[in-house]
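Subject: Structure handover

Hello,

Here is the structure for you to load. My notes on its helix packing and its empty space follow below.

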Amino acid sequence: MVRRYSPPGGGWLVAGYIGIAGFFAGEAVLRKPGAAASLETSSADRGTTRLIVSAYVLATQLPLVLQRVRVLRLPGVTGPIGLALQAAGIALRGWSMHTLGAFYTRTLRTEDHQHVVDTGAYRFVRHPGYAGSLMTWAGFGLASRNIPVIVLVAALLGRAYHRRIVAEEELLQRDLPGYAEYCRSTKRLVPLVW
């Protein structure tokens, strides 16, 4: 009897990987060229770009490494829920990138002509692009239907983006006029919560 290969998490996980490919494709298409696309970091970055990239690499490997952990699987309905969360996260990140344009940079920096943007998704939270990224990766974890994967992906990306937000807010409060006032009227990632 020949057994067909079944990927861990089934077709939902494969779709989750396709969603992650879409996340990176959106990054390539929507990111403005020049300084916004540069990976050259300043001291203000405090290693957060490297941390985020490392978290992305590890997160993509976790479902493959933990495929044998079958005891802690979630039901099949978790897969499409994860994909819906992924799609919403990609859309939110894309909206954020479009709104900020050239100010949506890969590394932490400010430009001389930069100003506080409080339109689009930035009306609701200060870091909607990061919220979109977290939603995308949480959806990927859910698509695996593997509880250890979900927990580890959330922990990896949650830690990386928390460090990034702290470093970014220090930079912007120091170098961007009006940012401290903007902080008093908006939450970081979740409207009305945090």
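By class, the lining of the largest pocket holds 10 nonpolar, two polar and five charged residues. Please keep in mind that this is a predicted model.

The pocket

The largest pocket encloses about 300 Å³ of space. Its lining is made up of 17 residues. Those nearest the centre of the pocket are E27, R31, Y56, R93 and R106. Three elements give two or more residues each to this lining: α1 (10-30), α2 (48-65) and α5 (147-175). The largest share comes from α2, with five residues.

The cavity

How many cavities of 30 Å³ or more are there? The count comes to one. The volume of the largest cavity is about 320 Å³. The lining of this cavity runs to 23 residues. Nearest its centre lie L100, F103, Q114, E168 and L172. At least two lining residues come from each of α4, α5 and α6 (179-185). By class, the cavity lining divides into 14 nonpolar, six polar and three charged residues.

Helix packing around α1

Two packed helices are described by the angle between their axes and the distance between the axes. I give both for three pairs.

α1 with α4. Helix α4 covers residues 128-144. Its axis lies 7 Å from that of α1, and the packing angle is about 160°. Angles over 145 degrees count as roughly antiparallel, so α1 and α4 are roughly antiparallel to each other. Their crossing is left-handed. On the α1 side, the contact is made by W12, L13, G16, Y17, I20, F23 and F24. On the α4 side, it is made by S133, T136, W137, F140, A143 and S144. This contact has nine nonpolar residues, four polar and no charged.

α1 with α3. Helix α3 spans residues 78-100. The axes of α1 and α3 come within 10 Å and cross at roughly 5°. That makes α1 roughly parallel to α3. From α1, the contact takes W12, A15, G16, G19, I20, G22, F23, G26, E27 and L30. From α3, it takes G79, P80, L83, Q86, I90, R93, G94 and M97. The residues of this contact divide into nine nonpolar, seven polar and two charged. Two names here also belong to the pocket: E27 and R93 are among the residues nearest the pocket centre.

α1 with α2. Here the axes come within 11 Å and cross at roughly 165°. That makes α1 roughly antiparallel to α2. The crossing is left-handed. L13, Y17, I20, F23 and F24 of α1 make the contact with Y56, T60, P63 and L64 of α2. By class, this contact has eight nonpolar residues, one polar and no charged. Y56 turns up in the pocket too, among the residues nearest its centre.

Where to look

Which residues of α1 meet α4? They include I20 and F23. I20 and F23 are also among the α1 residues that touch α3. The contact with α2 includes I20 and F23 as well. For the pocket, begin at E27, R31, Y56, R93 and R106. For the cavity, begin at L100, F103, Q114, E168 and L172.

Best wishes

Technical notes. Residues are numbered from 1 along each chain as its sequence is written. This is a predicted model: local features need pLDDT of at least 70, side-chain atom pairs count only at pLDDT 80 or more; totals for chains, interfaces and linings use all residues. Side-chain values use heavy atoms; hydrogens and water are left out. On a 1 Å grid over the protein atoms alone, a cavity is a set of points where a 1.4 Å probe fits but cannot get out, and a pocket is an open set with protein on both sides within 12 Å along at least five of seven lines; lining residues have an atom within 4 Å of a point. Grid points are joined across faces, edges and corners, and a volume is the space filled by probe spheres set on the points. Helices (H or I, at least four residues) and strands (E, at least two) are DSSP runs, numbered from the N terminus. Ala, Val, Leu, Ile, Met, Phe, Trp, Tyr, Cys and Pro count as nonpolar, Asp, Glu, Lys and Arg as charged, and the others, Gly among them, as polar. Axes are lines fitted to C-alpha atoms, for helices over the stretch in contact, and angles run from 0 to 180 degrees between N-to-C directions. Angles under 35 degrees count as roughly parallel, over 145 as roughly antiparallel, 65 to 115 as roughly perpendicular and the rest as oblique. A crossing is left-handed if the near helix is turned anticlockwise from the far one by less than a right angle, and right-handed if clockwise. Contact means heavy atoms within 4.5 Å.
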